Protein chains: 2
Amino acid sequence: MKVVELSGGVGGARMARGLTAVRDVDLTVVVNVGDDEEIHGLHVSADLDTVIYTLAGVEGPDGWGRSADTFVLNEELARFGVDNRFRLGDLDLALNLFRTQALAEGKPLSVITAEIADSFDLRADVVPATNDTLRTEVRIEGDEWLSFQEYFVLRGNRDEVKELRYPGSEAAHPAPGVLEAIGAADVVVIAPSNPPLSIWPILAINEIRQAIRSHQRVVAVSPLFGGKSLKGPADRVMASLGLPAGNAGVIEAYAGLIEMLVVDTQDADDARQLGGVEIMVTDTRIARATRARELAEEILAV
Amino acid sequence: MKVVELSGGVGGARMARGLTAVRDVDLTVVVNVGDDEEIHGLHVSADLDTVIYTLAGVEGPDGWGRSADTFVLNEELARFGVDNRFRLGDLDLALNLFRTQALAEGKPLSVITAEIADSFDLRADVVPATNDTLRTEVRIEGDEWLSFQEYFVLRGNRDEVKELRYPGSEAAHPAPGVLEAIGAADVVVIAPSNPPLSIWPILAINEIRQAIRSHQRVVAVSPLFGGKSLKGPADRVMASLGLPAGNAGVIEAYAGLIEMLVVDTQDADDARQLGGVEIMVTDTRIARATRARELAEEILAV
């Protein structure tokens with residue numbers, strides 16, 4: 001069974017871990033690159049790495065970065081007055097150094113990502129949404145535009161998000177293999193990632209949006225639990241962008257694109273009011289790998 | 001007393017440590033940049049860092065790199081198939097990442113070097129010979145030209161050196177402060193570094209060569225002990241380039257530039273044959289800081 005997942009960071013990575021654990025699933029994870037950032041001159045692809053580390057079973061305790069990483073280099077940067085609040089571990093920096101150097105040598109991000117995935121012996125294909133430069137930018141109070149990581153990590157995603165934009169998206173083309181994978185997929189799963197911040201930057205690439213729109217079977221997993229995001233600002237961001245509260249907002253975020261929405265049991269009551277798409281109500285807490293696999297099986301069984 | 005030292009790596013760093021330990025010495029160390037190399041996309045300035053680390057008392061056990069460094073990042077690079085034989089520790093990489101980023105932002109190497117020296121609270125001024133790109137290249141058997149680090153580190157400096165060149169030297173200007181420091185110096189000390197590999201690249205900058213030639217008091221410390229280099233290929237390189245054996249070769253390497261040569265007690269007999277410059281015979285083994293200071297005092301007392 002061929003499955004494509006559209007993924008942001010931690011939630012998408014856990015969903016991908018569940019999907020690859022299902023027998024006979026051939027998974028391609030199409031990953032958001034709007035969060036990519038130059039940090040200390042290195043090209044950091046936060047979501048790609050979170051997906052790869054999680055599929056490899058070497059993710060950090062909070063879902064991002066590497067497990068058992070050390071921070072020798074990051075700490076030492078303070079000596080030179082470098083802002084080191086974006087904490088990159090030594091193992092994580094090795095990957096970022098490799099990627100930055102490979103990009104400088106002219107290799108496309110998708111080729112580099114495949115090499116990294118191979119180095120961890122992953123079974124799933126992990127593909128950036130695009131090899132072109134596409135960024136997520138956030139407008140906050142006072143008409144200031146921030147890069148995603150400045151908003152999310154450095155300012156702790158506390159600001160109210162007034163507006164989003166995805167510079168580069170109009171000129172961006174899908175990375176090689178993305179449209180083919182979507183075209184061949186039995187089902188497309190939109191991960192329980194933040195819709196505006198993690199999935200819209202993928203859908204901002206017109207050819208991908210069209211391919212998802214044309215696909216017969218697109219299932220989104222809601223990132224909400226009792227109407228709130230587990231961690232992160234998904235509920236707040238959706239509200240401040242004018243989307244309806246709760247899963248009605250998720251459905252509107254994916255209007256015209258999805259055939260089914262999977263919501264958590266905590267939202268069973270709220271789910272009765274929802275319309276326009278099929279609704280599946282189940283336990284969507286997938287921090288544990290076994291539950292992630294079960295959820296994937298339930299979704300693929302429909 | 002104002003002193004300028006021309007320095008390569010380990011030997012020059014130890015000489016600098018001795019000179020700064022002398023009362024009332026105001027030291028400027030002008031450091032070779034011919035060994036600089038791009039490694040994993042980072043700008044590595046091996047000699048500058050060896051001098052700074054040694055003056056800060058945080059040099060590695062063999063004189064280069066940082067003491068008590070870890071190699072987490074370097075080891076992990078192997079996962080991605082990266083050639084990691086040029087071993088850079090995590091602390092050392094922090095400095096290299098900072099420098100690379102600062103260069104990319106347009107800061108001159110001399111400014112960055114001063115910031116790094118400040119971050120270690122150094123008393124001496126440490127200055128790259130030039131802010132321009134100047135490299136030492138080595139021709140070996142078979143007419144192959146190698147970068148310095150490829151010859152020295154990766155091939156273990158075992159190849160016979162047929163010829164040297166310093167691409168960039170003709171267009172290179174001294175870094176700000178170099179000519180002023182030489183002009184104001186009571187004495188210029190040429191460190192016991194490898195003359196062709198470490199000092200000639202500094203002297204290949206015409207304005208520096210002229211300033212040294214014009215200076216009244218230039219003292220070179222021989223890198224030879226019983227006619228041989230302690231470590232490294234100085235004796236072999238000088239021989240293969242056609243210089244006389246022993247300290248006669250060192251005098252010829254600095255012909256027209258120096259007023260005095262300091263040779264080790266092991267070369268006392270050989271020293272009687274030498275002519276053209278003053279000769280001082282003393283113990284020049286300066287791995288220990290106390291002996292480095294004593295040697296500096298002896299040189300400055302003359």
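Q: What counts as a helix?
A: A helix is a DSSP run of H or I with at least four residues, and helices are numbered from the N terminus. The model discussed here is predicted.

Q: Where does Gly57(A) stand relative to H2(A), and what phi does Gly57(A) take?
A: Gly57(A) comes just after H2(A), with a positive phi of about 75°.

Q: What makes helix H2 of chain A largely enclosed?
A: The helix covers residues 46-56, and 10 of its 11 residues are buried, so the rest of the structure largely encloses it. To be buried, a residue needs 20 or more other C-beta atoms within 10 Å of its own. The buried residues include Ala46(A), Asp47(A), Asp49(A), Val51(A), Tyr53(A) and Leu55(A).

Q: How many helices and strands does chain A have?
A: Chain A has 13 helices and 14 strands.

Q: How do you know what the radius of gyration of chain A says about a compact globule?
A: For 302 residues, a compact globule would have a radius of gyration near 19 Å; chain A has 18 Å, so the value agrees with the rule. The C-alpha trace spans about 55 × 45 × 35 Å along the principal axes of chain A. As for burial, 49% of the 302 residues count as buried.

Q: What share of the contacts in chain A between residues at least 6 apart in sequence joins residues at least 24 apart?
A: The share is 65%.

Q: Why are H1(A) and H13(A) called roughly perpendicular?
A: The axes of H1(A) (residues 10-20) and H13(A) (residues 289-301) cross at roughly 70° and come within 7 Å. Angles of 65 to 115 degrees count as roughly perpendicular, and the two helices are therefore given that description. The contact is made by Arg14(A), Met15(A), Arg17(A), Gly18(A) and Leu19(A) on H1(A), and by Ala289(A), Ala292(A), Arg293(A), Leu295(A) and Ala296(A) on H13(A). By class, these residues are 6 nonpolar, 1 polar and 3 charged.

Q: Is the crossing of H1(A) and H13(A) left-handed or right-handed?
A: The crossing is right-handed.

Q: What makes H1(B) roughly perpendicular to H13(B)?
A: In chain B, the axes of H1 (residues 10-20) and H13 (residues 289-301) cross at roughly 70° and come within 7 Å. That angle makes the pair roughly perpendicular, and H1(B) passes H13(B) in a right-handed crossing. Residues making the contact include Arg14(B) and Met15(B) of H1(B) and Ala292(B) and Arg293(B) of H13(B).

Q: At what angle do H1(B) and H2(B) pack?
A: They pack at about 40°, with axes 8 Å apart. Angles under 35 degrees count as roughly parallel and those of 65 to 115 as roughly perpendicular, so 40° falls among the oblique ones. The crossing of H1(B) with H2(B) is right-handed. Among the residues in contact are Val10(B), Ala13(B) and Arg17(B) of H1(B), and Val51(B) and Leu55(B) of H2(B). The classes are 5 nonpolar, 4 polar and 2 charged.

Q: How many residues does the contact take from chain A and from chain B?
A: The contact takes 22 residues from chain A and 22 residues from chain B. On the side of chain A that touches chain B, helices H3 (72-77), H4 (90-104) and H5 (109-119) each supply at least two residues. H4(A) gives the largest share, 9 residues. By class, that side of chain A has 12 nonpolar, 6 polar and 4 charged residues.

Q: Why is Asp24(A) called exposed?
A: Asp24(A) has 7 other C-beta atoms within 10 Å, and a residue with 12 or fewer counts as exposed. Asp24(A) lies in the loop between H1 and strand E2 (26-31) of chain A. Asp24(A) has a positive phi of about 65°, although it is not a glycine.

Q: How do you know that Asp143(B) is exposed?
A: Asp143(B) has 8 other C-beta atoms within 10 Å, which meets the limit of 12 or fewer. Asp143(B) sits in the loop between strands E6 (137-140) and E7 (144-147) of chain B. Asp143(B) is not a glycine, yet has a positive phi of about 60°.

Q: Why is Pro176(A) called partly exposed?
A: Pro176(A) has 13 other C-beta atoms within 10 Å. Exposed means 12 or fewer and buried means 20 or more, so a count of 13 lies in between. Pro176(A) is in the loop between strand E8 (163-165) and helix H7 (178-184) of chain A. From Pro176(A) to Ile286(A) there are 110 residues in sequence and 30 Å in space, C-alpha to C-alpha.

Notes
Residues are numbered from 1 along each chain as its sequence is written. Chains are lettered from A and ligands numbered from 1 in the order in which they are written. This is a predicted model: local features need pLDDT of at least 70, side-chain atom pairs count only at pLDDT 80 or more; totals for chains, interfaces and linings use all residues. The radius of gyration is taken over C-alpha atoms; the globule rule is 2.2 Å times the number of residues to the power 0.38. Two residues are in contact if their C-beta atoms, placed from the backbone, lie within 7 Å. Axes are lines fitted to C-alpha atoms, for helices over the stretch in contact, and angles run from 0 to 180 degrees between N-to-C directions. Angles under 35 degrees count as roughly parallel, over 145 as roughly antiparallel, 65 to 115 as roughly perpendicular and the rest as oblique. A crossing is left-handed if the near helix is turned anticlockwise from the far one by less than a right angle, and right-handed if clockwise. Ala, Val, Leu, Ile, Met, Phe, Trp, Tyr, Cys and Pro count as nonpolar, Asp, Glu, Lys and Arg as charged, and the others, Gly among them, as polar.
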